[in-house]
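Reader: Could you walk me through this structure? I'm new to this, so plain words would help.

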Amino acid sequence: MENEKIARYFNEIADILEIRGENPFRIRSYRNAARTLEDMSENAASLVGEGADLTKLPGIGGSIADKIKEIVKTGKLTFLHDLKKELPSGLPELLKIEGIGPKKVKLFYEKAGVSSIDRLEKAARAGKLHGLFRMGEKSEEKIIKAIENYRKGAGRFRLDIGFTYARAITDYLKPLKGVGELISAGSLRRRRETIGDLDILAICAKKSAPDLMERFVKYDDGEEVIAHGSTKSSIRLTGGLQVDLRVLEKKHFGAALLYFTGSKAHNIALRKRAQGMGLKVSEYGIFRKEKMIAGATEDDSYRSLKLPWIPPELREDRGEIEAAEKGKLPDLIELKDIRGDLQMHTTASDGKNTIEEMARAAKKLGYEYIAVTEHSKAVKVAGGLDEKALAAHLKLIDKANARLSGIRVLKGVEVDIMGDGTLDLKDSILKECEVVIAAIHYKFNLSEKEMTKRIIRALQNRYVNIMGHPTGRLVLEREPYPVNIEEVIKTAVNEGVVMEIDAHPSRLDLNDVHARMAKEMGAKLSIDTDAHAASQLELMQYGVFTARRAWLTKKDVVNTHPLKKLLAFLNR
DNA sequence: GCCGTTTTCGGCCCGACTGTTTTCAGTCG
């Protein structure tokens with residue numbers, strides 16, 4: 001059973017308890033436990049199977065540990081089942097409507113018989129809500145609008161899309177007089193694979209702030225002004241993305257950046273730590289009583305809490321504060337550490353550029369090598385190569401190398417893993433390749449057991465070097481195929497196969513949690529763009545972001561090796 | 001419901017904005 005599923009049980013409990021108005025700290029406990037489950041790399045069900053002590057996990061005590069065991073063993077949770085009986089099933093969903101919290105849900109249910117989103121909409125349109133406690137006509141309008149937005153499913157956006165929006169809006173705000181630095185904080189700065197909104201922080205003289213806010217709420221691409229205050233405003237763009245702008249003075253910059261970068265969990269952990277030291281942390285600074293002792297920079301903010309600066313990618317409360325405390329933060333990999341790209345396609349299959357064009361583009365990026373890895377014949381739609389075509393293609397790579405200087409093109413292939421775990425091409429041709437990536441493009445609908453067995457068999461082929469986009473997921477579009485990734489990584493470690501982080505922002509596969517698990521299990525990783533055009537080689541940065549979020553250092557990633565060392569590694 | 005370098009009981013992060021109010025509750029991040 002997936003951790004996410006268990007986490008969902010606890011979030012449901014929290015929702016229902018909130019609506020019932022129970023002790024907020026008890027509710028938070030359930031949410032904390034859910035988050036622990038979502039973030040941890042080990043599988044909770046496996047831990048239960050091994051008889052591990054779950055109360056060792058943060059935020060999980062005796063009561064919740066028992067509930068986890070019950071869920072794992074029976075697939076059900078009596079406590080939740082009983083809770084659900086007491087309220088209409090549509091109530092928790094109402095919490096997803098912007099501006100509606102547990103108190104309103106309770107109010108609407110008890111005083112207006114609202115038990116679902118449809119009924120809420122009807123009640124709002126019929127004017128049956130104003131007159132209730134602190135409810136006016138404007139509140140009804142907001143609810144109708146919020147329900148429309150919810151139905152549109154604005155949801156989350158891919159990181160690369162987020163960057164595009166962020167750049168456009170900061171370019172728009174920058175020319176205004178009095179505006180200093182403009183920084184996109186939030187999940188974008190932490191380089192999460194998706195973002196829920198944009199948090200833009202502006203350093204601005206006090207007297208220019210109103211003008212900045214005025215300009216912001218009039219942004220061309222804005223569809224709706226959600227809030228318009230003197231230090232904080234929010235708009236929704238036509239595409240559905242919410243953008244928050246926060247204005248602060250320079251002396252608060254560090255504390256503000258820290259606060260708005262998050263994550264929320266990281267901030268809460270910092271604040272708890274501060275409390276223990278007799279300090280208080282807010283977006284304005286770090287305070288002892290009324291006196292501000294730090295906050296101008298992130299560095300001095302962390303230092304006042306007796307911590308080194310923590311890279312934004314690590315700020316998820318996944319152990320970074322403890323590591324920082326002990327001076328054991330990883331020396332994270334950087335884009336400049338990458339010396340080559342080991343997965344890409346050319347015009348020989350479904351790419352847009354030739355071998356030489358790809359090589360020259362890679363050389364411009366400062367690379368020493370690339371591997372050209374066409375699809376194999378099973379991927380018919382992409383013009384995959386059979387043994388004969390691949391043999392001819394490898395000769396073309398030799399010829400290209402003869403003409404090129406300052407960069408080496410490695411002979412590679414992205415060979416498909418068939419349904420039974422055999423490979424789409426014969427060993428005799430794989431043997432001729434310097435880089436063999438094995439990957440799945442078909443038959444996703446196997447059981448977890450079959451899929452795991454299939455992949456393990458493929459990784460046992462002696463010529464396979466890299467497991468390509470190992471879970472097959474597409475960000476926001478397709479769930480991963482069912483697979484026991486722990487078993488796959490274990491096999492990869494034993495067989496000397498590298499686990500890939502496919503850097504394309506629509507894949508990022510492995511993801512951060514799995515890549516960290518791979519590192520901890522002793523696997524090596526590669527970060528490859530899977531570029532289908534020369535311009536896409538620049539997507540490497542997204543893979544590096546994910547690697548950083550996975551705590552990877554230069555030495556965990558094989559394509560940081562110089563060519564010689566890489567070749568030695570591949571010829572294991 | 002969880003947690004403990006002062007605690008096994010009594011805490012549990014902090015502040016802005018909105019809509020409704022004459023001082024604040026609710027929601028959000």
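Author: Before any distances, a word on the term domain: the domain bounds used here come from an automatic or database domain assignment, and the model itself is predicted.

Reader: Okay, so which domains is chain A divided into?

Author: Chain A is split into domain 1 (3-153), domain 2 (157-248), domain 3 (253-325) and domain 4 (335-570).

Reader: How far apart are the centres of domain 1 and domain 2?

Author: Their C-alpha centres are 30 Å apart, and where the two domains meet, 5 residues of domain 1 are in contact with 5 residues of domain 2.

Reader: And how much area do domain 1 and domain 2 bury between them?

Author: Together they bury about 370 Å², with 27% of that on carbon and sulfur atoms. On the domain 1 side, the residues that lose the most area to domain 2 are Glu98, Lys145 and Asn149, which together make up 78% of what that side buries.

Reader: What about salt bridges between domain 1 and domain 2, how many are there?

Author: The count is 1 salt bridge, and Glu98 also takes part in a salt bridge with Arg236, through their side chains, at 3.0 Å from N to O. By class, the side of domain 1 that touches domain 2 has 4 charged residues, 1 polar residue and no nonpolar ones.

Reader: Switching topic, how many disulfides are there in the whole structure?

Author: A search of the whole structure finds 0 disulfides.

Reader: Then is Cys204 buried or exposed?

Author: Cys204 counts as buried because its relative accessibility is 4%, where buried means under 20%. Cys433, at 10% relative accessibility, counts as buried too.

Terms used: Residues are numbered from 1 along each chain as its sequence is written. Chains are lettered from A and ligands numbered from 1 in the order in which they are written. This is a predicted model: local features need pLDDT of at least 70, side-chain atom pairs count only at pLDDT 80 or more; totals for chains, interfaces and linings use all residues. Side-chain values use heavy atoms; hydrogens and water are left out. A disulfide is a pair of cysteine sulfur atoms within 2.5 Å. Buried means under 20% relative accessible area, exposed over 50%, partly exposed in between (1.4 Å probe, protein chains only). Contact means heavy atoms within 4.5 Å. Buried area is the accessible area (1.4 Å probe) that two parts lose on being put together, summed over both. A salt bridge is a side-chain nitrogen of Lys or Arg within 4 Å of a carboxyl oxygen of Asp or Glu. Ala, Val, Leu, Ile, Met, Phe, Trp, Tyr, Cys and Pro count as nonpolar, Asp, Glu, Lys and Arg as charged, and the others, Gly among them, as polar.
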